[in-house]
Amino acid sequence: MKRRSFLKGTLATGAAAVAVNAGLLTPSTVLAAWNKKAFEAKTTDDALNATFGSASVAKSGDIELNAPAIAENGAVTPIKVDASKMSGVESIAILASKNPMPLVCEYSFSGPAIGYVSTRIKMGETQNVMAVVKAGGKLYKAEQEVKVTIGGCGG
C-alpha cells in the first residue's frame, strides 16, 4: 500500500468519525408515506374503501392478471398486472382475499407511465387474487383463483 493512499484513507475515516460524534452526520430513517388503515384492513371491502374511497369496482377485460393456477410455494407467488391497454392509469393495487390483511401492495403512477406491475406476494392458502386498477377516476378489476400447495404464511 502506498503511503499517500493510506494517509488519505485514515484522514477520511477520522473526519467521518468526528462528524458523527459532533452530530453532523446522524443516521435517519426515511420511509415512504403509507396508508396504515388500508394495509391493516381485515376485509377486501375495507381495504378498497381505505385505499380508493370506494369498494365498487367493475370487471374489465383490459386488465391482464397473470398468476399461476397452482402456486407450489405460497411464500413467493409471482403476480403480473398489465393495464397498458388502459389510458390514464393512476394506481394499481393487488389484494389476496383470504390473507389476514388482504391489501398486499399498491403502486401509484403519474404522467404518461404505463400501468404494469410485476411482483411476488405471500399467500397462506388457496384464494382469489384481485388486481384493482384506478384509471380515469374509476375502479376496474381482474380476479383469478390461485391454488397454494405449500402455505406461505406458516402453512
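# Questions and answers on a predicted protein model

Buried residues make up 33% of the 155 residues in the protein chain. The model explored here is a predicted one.

Q: How many helices and strands does the protein chain have?
A: Let's walk along the sequence and note each element as it comes. The pattern reads α-α-α-β-β-β-β-β-β-β-β-β. Counting up the two kinds gives 3 helices and 9 strands.

Q: Among contacts between residues at least 6 apart in sequence, what percentage join residues at least 24 apart?
A: A contact here is a pair with heavy atoms within 4.5 Å. Among the contacts in the protein chain between residues at least 6 apart, those joining residues at least 24 apart make up 61%.

Q: What share of the accessible surface belongs to carbon and sulfur atoms?
A: Start from the whole: the accessible surface of the protein chain comes to about 9700 Å². Of this surface, the part that belongs to carbon and sulfur atoms is 54%.

Q: Which strands are the edge strands of the open sheet with the order S2-S4-S7?
A: This open sheet has 3 strands with antiparallel pairing. An edge strand pairs on one side only. That is the case for strand S2 (64–66) and strand S7 (116–121).

Q: By what angle are neighbouring strands of this sheet turned against each other on average?
A: The sheet in question is the open one with the order S2-S4-S7. With direction ignored, its neighbouring strands are turned on average by 15°.

Q: Which residue in S4 stands opposite Leu 65?
A: S2 and strand S4 (residues 77–82) run antiparallel and are joined by 3 bridges. Asn 66 has Lys 80 in S4 as its bridge partner. For Leu 65, the residue standing opposite in S4 is Val 81.

Q: Which residue in S7 is the bridge partner of Asp 82?
A: Now look at the pairing of S4 with S7. These strands pair in the antiparallel sense over 6 bridges. The partner of Asp 82 in S7 is Tyr 116.

Q: Is Thr 77 buried or exposed?
A: Thr 77 lies in strand S4. Residues in contact with Thr 77 include Pro 68, Ala 71, Thr 119 and Val 146. Buried means under 20% relative accessible area. Thr 77 has a relative accessible area of 0%, so Thr 77 is buried.

Q: Which residue's backbone oxygen does the side chain of Thr 77 reach at 3.4 Å?
A: A polar contact needs a pair of N or O atoms within 3.5 Å. At 3.4 Å, the side chain of Thr 77 reaches the backbone oxygen of Gly 74.

Q: Which strand gives the largest share of the largest nonpolar core?
A: The largest nonpolar core holds 23 residues, and Ile 79, Val 81, Val 89 and Val 133 touch the most other members. Two or more residues come from each of S4, strand S5 (89–96), S7, strand S8 (127–135) and strand S9 (138–148). The largest share is 4 residues, and it comes from S8.

Q: How many residues make up the other core, which has Ala 38 and Met 130 among them?
A: This core lies apart from the largest one. Ala 93 and Leu 95 are also among its residues, and the core is made up of 11 residues.

Q: Through how many residues does a hairpin join S5 to S6?
A: S5 and strand S6 (residues 103–108) run antiparallel, with 5 bridges joining them. In one of these bridges, Ser 91 has Ser 108 in S6 as its partner. The hairpin that joins S5 to S6 does so through 6 residues.

Q: Why does Gly 61 count as exposed?
A: Gly 61 lies in the loop between strand S1 (58–59) and S2. Exposed means over 50% relative accessible area. Gly 61 counts as exposed because its relative accessibility is 67%.

Q: Which residue's backbone nitrogen lies 3.1 Å from a polar atom of the side chain of Thr 126?
A: Thr 126 lies in the loop between S7 and S8, and it is partly exposed, with a relative accessible area of 27%. Its contacts beyond four places in sequence are Lys 98, Glu 145, Val 146, Lys 147 and Val 148. The backbone nitrogen lying 3.1 Å from a polar atom of the Thr 126 side chain is that of Val 148.

Note on methods. Residues are numbered from 1 along each chain as its sequence is written. This is a predicted model: local features need pLDDT of at least 70, side-chain atom pairs count only at pLDDT 80 or more; totals for chains, interfaces and linings use all residues. Side-chain values use heavy atoms; hydrogens and water are left out. Buried means under 20% relative accessible area, exposed over 50%, partly exposed in between (1.4 Å probe, protein chains only). Accessible areas come from the Shrake-Rupley method with a 1.4 Å probe; for residues, only the protein chains shown count as cover. Two strands pair if DSSP finds at least two bridges between them. Axes are lines fitted to C-alpha atoms, for helices over the stretch in contact, and angles run from 0 to 180 degrees between N-to-C directions. A polar contact is a pair of N or O atoms within 3.5 Å; within protein, one must be able to donate a hydrogen and the other to accept it, and residues adjacent in sequence count only if both atoms are side-chain atoms. A nonpolar core is a set of buried Ala, Val, Leu, Ile, Met, Phe, Trp, Tyr and Cys residues joined through side-chain atoms within 4.5 Å.
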